[in-house]
Structure formats: C-alpha cells, structure tokens
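Trainee: Please take one part of this model and look at it closely. Start from the surface and work inwards, and keep the link to the whole chain in view.

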Amino acid sequence: MNYYKEHAKHYVGVDCVIFGLHEGKLNILLIKRRMMPGKDKWSLMGGFVEEDESLDDAAKRVLFQLTGLENVYMEQVGTFGSIDRDPGARVISVAYCALLNFDEQDHQRVNDNDAHWMPLEGMPQLYFDHPLIVEKALEYLRQQIHRKPLVFQFLPELFTLSQLQSVYEAILGDKLDKRNFRKRIIEEGVLEKTDLIDKSGSKRGATLYKLIIEN
C-alpha cells in the first residue's frame, strides 16, 4: 500500500568527488556529460539511486564503474537539494568524497569512460552545482586531515616522510615547515619506521615508514 501517494516524488542521486594525488598535486576525476541536460559539459561522476540499493551502495557502484576499484575510502560530505539545481528534473543529490591511490586505479576503465584527472587548481567550470559540491568535499578533507588517517589513502604501503608531507601540503594548499611537521607526525605515534631505504631521490636515500594499523 502506498501511504504517501498524495506527496510529490523526487529523484535521488549520488555525486562522487574523487580525489587522487598525482605528481605532488591534488587531482580530481571529471567526465564530460554524454547526455542532456549539459551535454559535453564537465561534471562529477554520478548517478541515480536504484530502488534496490542504499545511498552508500549507489556511490560504491558509481565509483567502481568509473575506476574499477572497491573498498575505497568514501564518506558522505553533504546533501544538495536546491529546487533549480538540475534543469532536467527535481533531483536531490547526496555527495560523497572518495580518496584513492592514483596508481591503483584501472586506467583503461577510466579512459573507456572518457574520464580525466585534472589538478584541482586548474579544473574547468563544472555543470550543475558541482563547484559547490567540490568546495564542500575539499572543506571536509581539510577539516578531517588531522583527525583521521585520510592522507594515507593517497600513499603506497611504504613511504618517506617527504612524501607524506607533500600530501599534507597538497591538501592544505600551503607549505609546511619540515622540522615542525616531522616532529609532530612522529609524536602522533601513527607511523612505524622500517629498515628499508628509498634511494630513488638521492644516493643517501630516505627511510621508509608505514602506517600502524590498529586491530
């Protein structure tokens, strides 16, 4: 029985703000729309929520279709429901922020979807209210960077302190004092020093660290 038949129905969608770190810069994965409204305009990857799936499942489906990745860190960052946000229909969108290691994606799948990684600072004008959604996702990321181990989503299992600092700087959009950063990050007790050395940057090399995983 339909208890709510006297009320209007609206579409519910999800939009994914997918961040990755490439060449020391925070990048975002964008597509050109293949349909109206906004055909050929740049936008985030999104889709409608099906009747048999939750919001989280819909977002995971969209992410997998685009990147071939599962078990990626993803969080809701806001709900967007302005009446005129989509000229096609009344659509309420739940936005998700996803963080992934750039090297782990399925590059062929990304290419097949005609998706493109672009530096956040130089991204093109986006359709709908997607600029606002990206702004909200970046704000969330910056607020949570010192509360959760989010930065490690962008890094391989083993990394140097310089690589770690570059991730913080890319997200925060600011340079950090090397000595103060290393002192603070070591004092947090979330890193384990290994006996391995990365010599890709210099003959002397740099010590490799890994995140301490709590059981």
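**From an exposed turn to the buried charges**

Mentor: E23 is exposed, its relative accessible area being 72%. Anything over 50% earns that label, so E23 qualifies. Keep in mind that this is a predicted model. E23 sits in the loop between β1 and β2. Its backbone deserves a look: phi is positive, about 55 degrees, although E23 is not a glycine.

A second residue invites the same check. N71 also has a positive phi of about 55 degrees, and N71 is not a glycine. N71 is placed in the loop between α1 (55–67) and β5. Its relative accessibility is 83%, so N71 counts as exposed.

Now follow the chain from E23 into strand β2. This strand covers residues 25–32, and L30 is part of it. Is L30 buried or exposed? L30 is buried, with a relative accessible area of 0%. The cut-off for buried is under 20%, so L30 meets it.

What does L30 touch, once its neighbours within four places in sequence are set aside? One group of contacts is W42, S43 and L44. Another includes D114, A115, H116 and M118. M123, P124 and L126 complete the list. I171 gives a sense of distance. It is 141 residues from L30 in sequence, and the two C-alpha atoms are 18 Å apart in space.

Leave β2 and move on to P37. P37 belongs to the loop between β2 and β3 (42–43). The peptide bond from M36 to P37 is cis. Its omega is near -5 degrees.

Next, go back to β1, on the other side of the E23 loop. Strand β1 covers residues 11–22, and D15 lies in it. D15 forms a salt bridge with R85, at 3.7 Å from N to O. R85 comes from the loop between β5 (73–80) and β6 (91–100), so the pair ties together parts that are 70 residues apart in sequence. How accessible are the two partners? D15 has 9% relative accessibility, so it counts as buried. R85 has 7%, and it counts as buried too. The pair does not stand alone. D129 joins D15 and R85 in a network of salt bridges.

Set two other salt bridges beside this one. R61 pairs with E53, and their closest N and O atoms are 2.6 Å apart. E53 is buried, with a relative accessible area of 17%. R61 is partly exposed, at 24%. The 20% boundary falls between these values, so the two partners get separate labels. The other pair is R184 with E188, whose side chains meet at 3.0 Å, N to O. R184 is partly exposed at 28% relative accessibility. E188 is partly exposed as well, at 37%. The count of salt bridges comes to seven.

R184 leads to α5. This helix covers residues 178–187, and D177 caps its N-terminal end. A side-chain oxygen of D177 lies 3.3 Å from the backbone nitrogen of R179. Past the helix comes G189. Its phi is positive, near 70 degrees.

Now place these parts in the whole. The protein chain has five helices and nine strands. Their order along the sequence is β-β-β-β-α-β-β-α-β-α-α-α-β-β. The C-alpha atoms fill a box of roughly 70 × 35 × 30 Å along the principal axes. Of the 215 residues, 41% count as buried; L30, D15 and R85 are among the buried residues.

Sequence separation matters here too. Take contacts between residues at least 6 apart in sequence: 62% of them join residues at least 24 apart.

Finish at the surface. The chain exposes about 13200 Å², and carbon and sulfur atoms supply 48% of that. Its charges number 28 positive and 33 negative side chains. The centres of the two sets lie 5 Å apart.

Methods. Residues are numbered from 1 along each chain as its sequence is written. This is a predicted model: local features need pLDDT of at least 70, side-chain atom pairs count only at pLDDT 80 or more; totals for chains, interfaces and linings use all residues. Side-chain values use heavy atoms; hydrogens and water are left out. A salt bridge is a side-chain nitrogen of Lys or Arg within 4 Å of a carboxyl oxygen of Asp or Glu. Helices (H or I, at least four residues) and strands (E, at least two) are DSSP runs, numbered from the N terminus. Buried means under 20% relative accessible area, exposed over 50%, partly exposed in between (1.4 Å probe, protein chains only). A polar contact is a pair of N or O atoms within 3.5 Å; within protein, one must be able to donate a hydrogen and the other to accept it, and residues adjacent in sequence count only if both atoms are side-chain atoms. Contact means heavy atoms within 4.5 Å. Accessible areas come from the Shrake-Rupley method with a 1.4 Å probe; for residues, only the protein chains shown count as cover. Lys and Arg count as positive and Asp and Glu as negative; His and the chain ends are not counted. The place of a charge is taken as NZ of Lys, CZ of Arg, CG of Asp or CD of Glu.
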